[in-house]
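Colleague: I am new to this structure and would like a close look at one part of it, the aromatic pairs, together with enough of the surroundings to place them. Could you take me through that part slowly?

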Amino acid sequence: MEFSSIKVEQLYIKLDKKLIVRAKSLVLPKAQEEAFSLEKSAFLIDNFLFIDQLFETIHIEQLHHRQEAYMLYFTRNTFFIESNSINVELQLSATGHNAFDVTIIKASINSLELELFGKASIDLEKESFSFENNFKLFDIAGFSLIDIKNNLLTYHIQSENFLHQNLTNLMNFISPKVELDPLIKAWVHENIVGEAYKLEFLEGQYDLKTQEYFPNSIHAKAIVEKARVTFEPTVPAATVQTVGILLENDQLIFDVSHAEYEKKSLDSVAVSIYNVFAKGTGIIVDLTAKALLDDKIHKILHAFKIYVPIVQQTGATQANVRLDIKFLPFDINATGKFRVFDG
């Protein structure tokens, strides 16, 4: 059976108190790509009152749209939608002529390894949307608040503790989509490897119409516990009790506490990456320590082409080493100050 450009197979309609509709297959016409709008993307919600008043159940085994087949089932204000990529169960309740509360009982997007549940409020007339949910993304559990007004999405995300492998999976997914510099990606999840991570908050905005994500306004804070920090791959890593990571004003700032290198305590470690999203990305590493200037210390100094013609057997050296490393084109400016104490 075919209506205009819509094709239907094995259509069954029964009228009891309401309509019961079943179909084996429903093929929708190919839609032209259109700019996002909340109203256009919410067809079921926009027509919910009409659907709920007329239909007892709607069951379409295969709804074909944009090269994917969906199973759609509706009964008693609850929608079930399944395909190879998504699985959604949600309930709608009208709060006005064009306003609804939505309970998302479960939703999953396979490509993101994303599962979530929560509640949303939608006002189609005002084109506003608010959503709070618990989620699991690449096995990272957390909570998010999302608001949409006039195509501008504002988000707040926080997480529970998670592991390094979870972060690696997430970074491998995100970095090509935001064109993140490989060395920034390395510092986020390769140069710093911790036993536990926690995202305290991630906040920002995203324009659904222009797909602009306003990188300079992204603000985030995370904590890494019991970490190994690699400053240069040819020398041993430092061990750190905690690393605080702050993203603001296009900078990643690492607050390192209780650091040791080769069992030598580092008085202070300051690391920051500038121009995270802009061109001219680089990293500044500032290390201060008072320790014996022995072969272990010389090894890390030589890795950055700093040569001090002293090897101590006793005493200590107050050392400050500052590295300014530009990524593209690669360039390193290393400076050091050393004050030797005898005995």
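Modeller: What follows is a walk from the chain as a whole to the aromatic pairs, and then to a few other places.

Please keep in mind that this is a predicted model, and that the values below are computed from it. The protein chain contains five helices and 21 strands. Its radius of gyration is 28 Å, well over the 20 Å that the globule rule gives for 343 residues, so the chain is more spread out than a compact globule. The C-alpha trace spans about 100 × 35 × 35 Å along its principal axes, which fits with that description. Of the 343 residues, 41% are buried, and the chain exposes about 20,200 Å², with carbon and sulfur atoms supplying 53% of that area. Taking the contacts between residues at least 6 apart in sequence, 44% join residues that are at least 24 apart. As for charge, there are 33 positive and 45 negative charges, and their mean positions are 2 Å apart.

Now to the part you asked about. The structure holds six aromatic pairs, and two of them can be described here in detail. One is formed by F74 and F79, whose rings are 4.7 Å apart from centre to centre, with 40° between the planes, an arrangement that counts as tilted. Both partners are shielded from the surroundings: F74 is buried, with a relative accessible area of 1%, and F79 is also buried, with a relative accessible area of 3%.

Another pair is formed by Y213 and F277, which meet edge-to-face, with 6.1 Å between the ring centres and 75° between the planes. Y213 sits in the loop between β14 (192-207) and β15 (219-229), while F277 sits in the loop between β18 (264-274) and β19 (282-291), so this pair ties together parts that are 64 residues apart in sequence. Y213 is partly exposed, with a relative accessible area of 26%, and F277 is likewise partly exposed, with a value of 26%.

Strand β14, which precedes the loop of Y213, also appears in the packing around helix α3. In α3, which covers residues 164-174, the buried residues include N166, L167, T168, L170 and M171. The buried residues of this helix pack against β14, and also against β11 (128-137), β12 (140-149) and α4 (182-189).

Strand β18, which precedes the loop of F277, is where S265 is found. S265 is partly exposed, with a relative accessible area of 44%. Leaving aside residues up to four places away in sequence, S265 touches A259, E260 and A289. Between S265 and G315, which are 50 residues apart along the chain, the C-alpha atoms are separated by 15 Å.

Further along, K305 lies in the loop between α5 (295-303) and β20 (316-326). With a relative accessibility of 69%, K305 counts as exposed, whereas F74 and F79 are buried. The C-alpha atom of K305 is separated by 7.6 Å from that of A334, a residue 29 places away along the chain.

Key
Residues numbered from 1 in each chain as written. Predicted model: local features only at pLDDT ≥ 70, side-chain atom pairs only at ≥ 80, totals over all residues. Heavy atoms only, no water. Helix = DSSP H or I, 4+ residues; strand = E, 2+ residues; numbered from the N terminus. Rg over C-alpha atoms; globule rule 2.2 N^0.38 Å. Buried < 20%, exposed > 50% of the residue type's maximum accessible area, 1.4 Å probe, protein only. Contact = heavy atoms within 4.5 Å. Areas by Shrake-Rupley, 256 points an atom, 1.4 Å probe, with all protein chains shown as cover. Lys, Arg positive; Asp, Glu negative; His and termini not counted. Charge placed at Lys NZ, Arg CZ, Asp CG, Glu CD. Phe/Tyr/Trp six-rings, centres within 6.5 Å; stacked < 30°, edge-to-face > 60°.
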